[in-house]
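Student: I have a new model open and would like to learn how to read its sheets and helices. Can we work through it together?

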Amino acid sequence: MEYVNIKINGMEISAPAGSTILEAARIAGVEIPTLCYLKDINEIGACRICVVEVKGAKSLVTACVYPINEGMEVYTNTPKVVTSRRKTLQLLLSDHDRKCLTCVRSGKCELQKLCHDYKVDDENLYDGEMNKFELDTSAPHMVRDNNKCILCRRCVSVCEKTQGIGVIGPNKRGFKTFIGSAFDMGLGETSCVSCGQCITACPVGAIYEKDNTQEVFDAINDPDKYVIVQAAPAVRAALGEAFDYPIGTDVEGKLAAALRRLGFNKVFDTNFGADLTIMEEANEFIERVTGGGVLPMITSCSPGWVKYCEHYFPDLIPHLSSCKSPQQMFGAITKSYYAEKIGIDKKKIVVVSVMPCTAKKFEIDRDHQAANGVPDVDIAITTRELSRMINEAGIKFDALPDERFDRPLGLSTGAAVIFGATGGVMEAALRTAVETMTGDTLPSPDFKEVRGTAGIKEATYHVGGTDVKVAVASGLTNARAILEKVRSGEADYQFIEIMACPGGCVNGGGQPQQPAYIRNTVDIRGKRAQVLYGLDEANVFRMSHENPAIIELYDNYLEKPGSPRAHELLHTSYVPRVINK
């Protein structure tokens, strides 16, 4: 690799040729502030926060896009640079709704931190006209508040480049520019898939999930309600970050303890629903392979991906597994099998799910998600919402003991917990499908070829005399590449896993937000995923069909995977949707 020699603040360093000043500065241990920049997603030099001085240049240059060259001398913190950054912040605040005390991002806002660092306050701002926008609350999962938007376009880029959807973009020009949908449509009128990646990309409080925490508190405090909570696998891999734990910390025990102290009647694990999903999904896959069904079969656990398929690839709907997601399966079983088991009227049960995913708010109101005549799941909240509930309740998260989930719907296997990582659903399904098809015990339950954070992974396994070719995609741009091959007949896969969010649920739109610096320099997805694989390896049971609680459920209630009762409770259907963007 060719290297270039430059000076950063008088320090001589060598950096790879083609590096930007921003990248080279990190080698020198200098972090240049940014607002609009997200590596490989939004590299446009628009916000002007990252300006630096280059010896010989006539004006300040933007470090995030300016390439280094041999002998360059860069100064990142001169009075001229500081004055420019401070003025930029003052200009941003001059058209910004500064209700920081009530903002969902207060304390974790990138703009707020920069204003603190550069000593910008309400006393030295520019007065003048301000834009006023109505909140867009039309989507089921989120709110858009352009009064707080700084026009960084990070949300636009992640929607277009990462997800390939592009339902938002800049409208009008100059001072009147705002981010919105075409023809001033509300986001809920577009073919947005509710993935929430725009929320995690936003540096301020301009986009946030709809908050359902008060509904949860109200249910808990209602003596006529029996409130059950389930927590998704990816939540335990990220919740700690909201309480300043290092990225990649397993907080499963404290998660269960916190939920119990919030007052839920039972604290269960969505992993039970994941094991149940594998039983049904593996059975469906085997039936399609042996019975001439539609192949490749594509997983249906990610509601953002399912909605994307309905909008953009409706002709491939027959390829979708008919299985509900683990969240919905859990709810259906809770309000049937479990309600009967404990003798409580299903209408009195409130099922709350804690999810890494904003699309789960959309999923709970889909058609055919009320198997018992009542919604499978009543309220879905994100990891972030749970952290706010814990703080509001005065629970000291770091002081909590490690506790277990309640039984029986809190008992799960290692196969279930890896659902939160891209490739995890595929690996879990293969563990059960291979043993079921061959009748043999696997020498190892690990299918490592489908692991990792790569956007697309492929593998071929020889199972019972048949080659099974599989593919895994995360992020909807990657999904499109796979689906185009299926649509054209070029692909010869038998089984495909797709997750809407890059890296899977560990990187879901409802997870704790990290600032751009961390997003650009730390493998957040990989660290969170490693938590799940560690829990998998430590579990006594590593295959869904080994779960004693699942075995009992089938023996005493569902009969067998794919039975009429299982289909009634655990399977669903899909509908083609129009494209509006």
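Here are some questions on two sheets and one helix.

Tutor: This is a predicted model, so local features need pLDDT of at least 70, side-chain atom pairs count only at pLDDT 80 or more, and totals for chains, interfaces and linings use all residues. Residues are numbered from 1 along each chain as its sequence is written, and side-chain values use heavy atoms, with hydrogens and water left out.

Student: Which strands stand at the edges of the open sheet of 5 strands?

Tutor: Strands (E, at least two residues) and helices (H or I, at least four) are DSSP runs, numbered from the N terminus. Two strands pair if DSSP finds at least two bridges between them. The sheet has the order 2-1-5-3-4, with mixed pairing. Each edge strand has a single partner, so one side is left without a neighbour in the sheet: these are strand 2 (11-16) and strand 4 (61-62).

Student: Which residue of strand 2 stands opposite I6?

Tutor: Strand 1 (residues 3-8) runs antiparallel to strand 2, and 6 bridges join them. Opposite I6 in strand 2 stands I13.

Student: What is the order of the open sheet of 4 strands?

Tutor: Strand 11 (266-269) and strand 14 (379-382) are the edge strands, each pairing on one side only. Strand 10 (residues 226-231) pairs with strand 11 in the parallel sense over 4 bridges. The pairing in this sheet is parallel, and the order is 11-10-13-14.

Student: At about what angle does helix 8 run to strand 11?

Tutor: Axes are lines fitted to C-alpha atoms, for helices over the stretch in contact (heavy atoms within 4.5 Å). Angles run from 0 to 180 degrees between N-to-C directions. Helix 8 (residues 270-291) lies across strand 10, strand 11 and strand 13, and its angle to strand 11 is about 40°.

Student: How far apart are the end C-alpha atoms of helix 15?

Tutor: The expected span is 1.5 Å times one less than the number of residues. Helix 15 (residues 476-488) has 13 residues, so it should span 18 Å. The model agrees: the end C-alpha atoms are apart by 18 Å.

Student: Within what arc do the buried residues of helix 15 fall?

Tutor: Buried means under 20% relative accessible area (1.4 Å probe, protein chains only). In helix 15 these residues are L476, A479, I482, L483 and V486. The arc is taken from the directions from the helix axis to the C-beta atoms. The buried residues line one face of the helix, because they fall within an arc of 115°.

Technical notes. Buried < 20%, exposed > 50% of the residue type's maximum accessible area, 1.4 Å probe, protein only.
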